[in-house]
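Q: I'd love a close look at how the parts of this protein sit together, and at what lies where they meet. Could you walk me through it?

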Amino acid sequence: MLANPPLLIIAGAKGAVGSTVAATIAAIKTDPHSVLPWLTTGHWTKSVKSVMGMEFAGWDVSPRSLKQAIEYHGVLPREKFLPHEKYLNRIQIRLAPSGEPSLPAYVEQLIRDIEDFKSLHPKTHPVLVNLLPACQGVDLKGCTRLEELYSQADPRIFPDLAYVIAAISSQVPVVNFTSNSVELPLMLEEALKACVPMCGRDGKTGQTYLKVVLASALKARSLKVDGWYSLNILGNDDGMNLADPRRAAGKVANKTELLDEILGYRVGQQYGAPSHKVVIDYYPPRGDCKEAWDVIDFAGLFGLPMSLRLNLQARDSILAAPMVIDLARWMAALHGVGRSGPIPELGFYFKKPMGYNPPVTFQDQIAELHRLENDCRKKRRG
Ligand SMILES: NC(=O)c1ccc[n+]([C@@H]2O[C@H](COP(=O)([O-])OP(=O)(O)OC[C@H]3O[C@@H](n4cnc5c(N)ncnc54)[C@H](O)[C@@H]3O)[C@@H](O)[C@H]2O)c1
């Protein structure tokens, strides 16, 4: 997959994931061997050429420097990022529009910033990555014109939309790594009109990734899932934010719905109540080192019960950052070969992939990625 290296323009650039992505890109410039072996989540994006020239820019509301943000999140020990401080200090992160701007004013400022980022990095392919905090769902699906959206959406509650509108207006592809529903029908239509590809939503990094793998494996053997209890504890800012049930609702729904979709039946139907449960709990001592437990009850021949326990001790941003980089590279490549609108083939990366008929089992998601890569390659040659 050869294309211009992406310029990752990140909304929420100083968050735990954003600042880890920045440190990774900085490391690529100065000590590539410290990150390259772990960089891509699949062999299909191994072209090193398109990795080395990657750049980083973005916005945040935090006045911290990027170095202070990395220290604050505690994802990386100092010796992993201090050697790359020079590059980190050069990165342009703008303050997000402040005060009480209207949505059009917010969008206008972002468009100007995007133009500046583009001119600072003329040899790259800009891609917007949304890494803003999870927000309370707002139903704007009924808006059929931008003017309607401008009058109904409040950027203080749902700033994500401003970033997406600004990106599409600037012909910049969009990755929505958050659980926030930016893929309104109107946004998808605008993306198609502007010939811009979009993908999302909600990065599938740890527990849900393994859930897809295990559910696909159980399905392949006709083992029937009777119940699945998933508990997560995490102590980073994302975890604190998700302690608000209104903000967590979208993420819990994304984490829950996909199991029935993979298996092809409603888990717990025989009980008259769902027996697939997902709980997210804020537990400060863990910081970014998230822990997840899964209890999976399933049945085999003669309906005889069996059970499986899974305990994942992971690092949220360490799992997320390579996926963000992969996705930016996919978007640059797909935009380069003329793809636009939603890209359901990237379902591998997301809990709730956008677009028509995304692949749901692990096997199908991998097969679809290979098809997408071959397609890209053919189009580039053709
Ligand atoms: N880490 C994972 O494994 C994972 C997986 C799936 C989804 N996500 C999602 O990715 C997003 C980022 O995660 P994170 O851990 O980096 O969160 P975070 O809370 O550490 O980072 C969010 C950043 O956005 C900034 N911000 C807030 N409002 C803003 C605005 N209006 N404009 C610009 N910046 C603004 C904050 O200051 C903060 O730096 C979250 O929505 C999270 O749910 C993360």
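What distance separates the centres of domain 1 and domain 2, taken over C-alpha atoms?

A: Happily! Please keep in mind that this is a predicted model. Taken over C-alpha atoms, the centres of domain 1 and domain 2 are separated by 26 Å. Domain 1 is made of two stretches of the protein chain, 6-203 and 317-381, while domain 2 covers 207-313.

Let's start where the two domains touch. On the domain 1 side, 21 residues are in contact with 23 residues of domain 2. The domain 1 residues at this contact divide into 11 polar, 7 nonpolar and 3 charged.

The ligand belongs in this part of the picture too. Domain 1 (6-203 + 317-381) and domain 2 (207-313) both contribute residues to the shell around the ligand, so the ligand lies between them. That shell counts 31 residues, and the closest are G12, G15, V17, A96 and T205. By class, 14 of the shell residues are nonpolar, 11 are polar and 6 are charged. Four elements each supply at least two residues of the shell: the helices α1 (16-30), α12 (237-242) and α14 (316-336), and the strand β2 (55-60). Of the elements, α14 gives the most, with 4 residues.

Now for domain 1, with strand β4 as a good place to look. All 6 of the 6 residues of β4 (residues 125-130) are buried, so this strand is largely enclosed by the rest of the structure. The burial holds for both faces: H125, V127 and V129 are buried on one side, and P126, L128 and N130 are buried on the other. β4 pairs with β1 (residues 6-11), running parallel to it, through 6 bridges. Within that pairing, P126 of β4 stands opposite L7. β4 also pairs in the parallel sense with β5 (residues 174-176), here over 3 bridges. The bridge partner of V129 in β5 is V175. So two residues of β4 from opposite faces, P126 and V129, can be followed into its partner strands, P126 to L7 and V129 to V175.

For a contrast with that buried strand, try A105, which is placed in helix α7 (residues 103-120). A105 has 15 C-beta neighbours inside 10 Å and therefore counts as partly exposed. From the C-alpha atom of A105 to that of N236, 131 residues away along the chain, the separation is 32 Å.

Over in domain 2, there is a sheet to trace. Its 4 strands form an open sheet in the order β8-β7-β9-β10, with mixed pairing. The edges are held by β8 (276-282) and β10 (305-313); each has a single partner strand, so one side of each is left without a neighbour in the sheet. On average, neighbouring strands of this sheet are turned by 10° against each other, direction ignored. β9 (residues 291-299) and β10 run antiparallel and are joined by 9 bridges. One place to find this pairing is A292, which stands opposite L312 in β10. Helix α13 (residues 245-263) packs on the sheet, where it touches β7 (224-234) and β8. The direction of α13 makes about 150° with that of β8.

Put together, the picture has the ligand lying between the two domains, the buried strand β4 with its parallel partners β1 and β5, and the open, mixed sheet with helix α13 packed on it.

Methods
Residues numbered from 1 in each chain as written. Predicted model: local features only at pLDDT ≥ 70, side-chain atom pairs only at ≥ 80, totals over all residues. Pairing = 2+ DSSP bridges. Axes fitted to C-alpha atoms, helices over the stretch in contact; angles between N-to-C directions. Contact = placed C-beta atoms within 7 Å. Buried ≥ 20, exposed ≤ 12 C-beta atoms within 10 Å, placed from the backbone. Domains from an automatic or database assignment. Nonpolar A, V, L, I, M, F, W, Y, C, P; charged D, E, K, R; others polar. Near = placed C-beta within 6 Å.
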